[in-house]
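Visitor: I should be grateful for a close look at a single part of this molecule. Please take the sheet and explain how its strands are arranged and what surrounds them.

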Amino acid sequence: MTFAIGQDHLLSSVPDGWEFEARRDKVAGVRIKPLIGVVHYGVTQTHDELVNALLVLRASAHLALTARDGVRRITQMVPFNIQAGHAGETATWRGKKGVNGFSVGIEINNPGPLSLGDDGVFRDVHKRPWKGEVLSCAHGRPGFPWKHWARFTDEGIAAATALMLAIKERYGIVDVVGHDEIRKDKSDPGPAFPMERVRALVFPREAA
Ligand SMILES: [Zn+2]
């Protein structure tokens, strides 16, 4: 699976089985030169929910990605050369603040932390049942109470990796990180996302 970028957007010639849409809501704004990629989960269960959340909230990201239950959709919310609002003011990467000013954000449709009810049903933070696969473990960093996480699909992980590779190819980004690696108060993408493996695939030399 490979993606290509032209004119600061993903090209619409996405791999077979994928749907791509570029929104035009935020084509203007502060210009950036992407230096890193940041991975997030949307605390969402559907692609439309994810896209709407990114439109309604002040938060925004460059790409919204869904790969689950036969749905394969990518929406470009913001051009790659325009600043989005996904990292937050307190984010720091290698001592540098203002991460929104030098990063591309990918939001993956995934509900994130889950609670296990007495009825044996996993529910997301909005108390909605989650029927997908679950990873049960602590976050790995102190401060988060959750013990269960919605798994990412292999396809979603592969797509996120391929997107970061395309972004690296076009912009020469030097790192991909999870939001939880650049902000202490953020849990996403969490332990269910194989951040180390994805980083090693995008930057094979650093992994050697
Ligand atoms: Zn995030």
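Guide: The following account describes the sheet strand by strand, and then turns to its surroundings.

The model is a predicted one. Its open sheet has six strands in the order 3-6-5-7-4-12, and their pairing is mixed. Strand 3 and strand 12 (175-178) occupy the edges; each has a single partner strand, so one side of each is left without a neighbour in the sheet. From one strand to the next, the twist averages 20°. In general, the strands of a sheet pair through backbone hydrogen bonds, in either a parallel or an antiparallel sense.

Let us begin at the edge formed by strand 3. Strand 3 pairs with strand 6 in the parallel sense, over four bridges. Within this part of the sheet, Ala22 stands opposite Gln76 in strand 6. Strand 6 itself is largely enclosed by the rest of the structure, because five of its six residues are buried. A residue counts as buried here if 20 or more other C-beta atoms lie within 10 Å of its own.

Strand 6 also pairs with strand 5, and here the two run antiparallel, joined by six bridges. Arg68 stands opposite Val71 in strand 6. The two strands form a hairpin with two residues between them. In the turn, Asp69 has a positive phi of about 50°, a value to note in a residue other than glycine. Most residues other than glycine have a negative phi. Asp69 counts as exposed, because it has 10 C-beta neighbours inside 10 Å, and the limit for an exposed residue is 12 or fewer. Arg94, in the loop between strand 6 and strand 7, also has a positive phi, near 45°. With 10 C-beta neighbours inside 10 Å, Arg94 likewise counts as exposed.

At the other edge, strand 12 runs parallel to strand 4 (residues 36-41), and four bridges join them. Gly37 stands opposite Val176 in strand 12.

Next come the surroundings of the sheet. Helix 1 (residues 47-56) packs on the sheet and touches strand 5 (63-68), strand 6 (71-76) and strand 7 (103-108). The direction of helix 1 makes about 165° with that of strand 5. Ala64 offers a view of its environment: among the residues that it touches are His47, Leu50, Val51 and Leu54, as well as Thr75 and Glu107.

Ala64 also belongs to the largest nonpolar core, which has 47 residues. Together with Leu63, Leu65, Ile106, Ala160, Leu163 and Met164, Ala64 is among those that touch the most other members. The elements that give two or more residues to this core include strand 4, strand 5, strand 7 and strand 12, along with helix 1 and helix 2 (154-171). Helix 2 gives the most, with seven residues. In soluble globular proteins, nonpolar side chains tend to be buried together.

Finally, one residue may be considered in the loop that leads to strand 3. Val14 lies between strand 2 (9-10) and strand 3 (19-22). Val14 is partly exposed, with 19 other C-beta atoms within 10 Å. Among residues beyond four places away in sequence, Val14 touches Phe3, Phe20 and Ile74.

Notes. Residues numbered from 1 in each chain as written. Predicted model: local features only at pLDDT ≥ 70, side-chain atom pairs only at ≥ 80, totals over all residues. Contact = placed C-beta atoms within 7 Å. Pairing = 2+ DSSP bridges. Axes fitted to C-alpha atoms, helices over the stretch in contact; angles between N-to-C directions. Core = buried A, V, L, I, M, F, W, Y, C linked by C-beta atoms within 7 Å.
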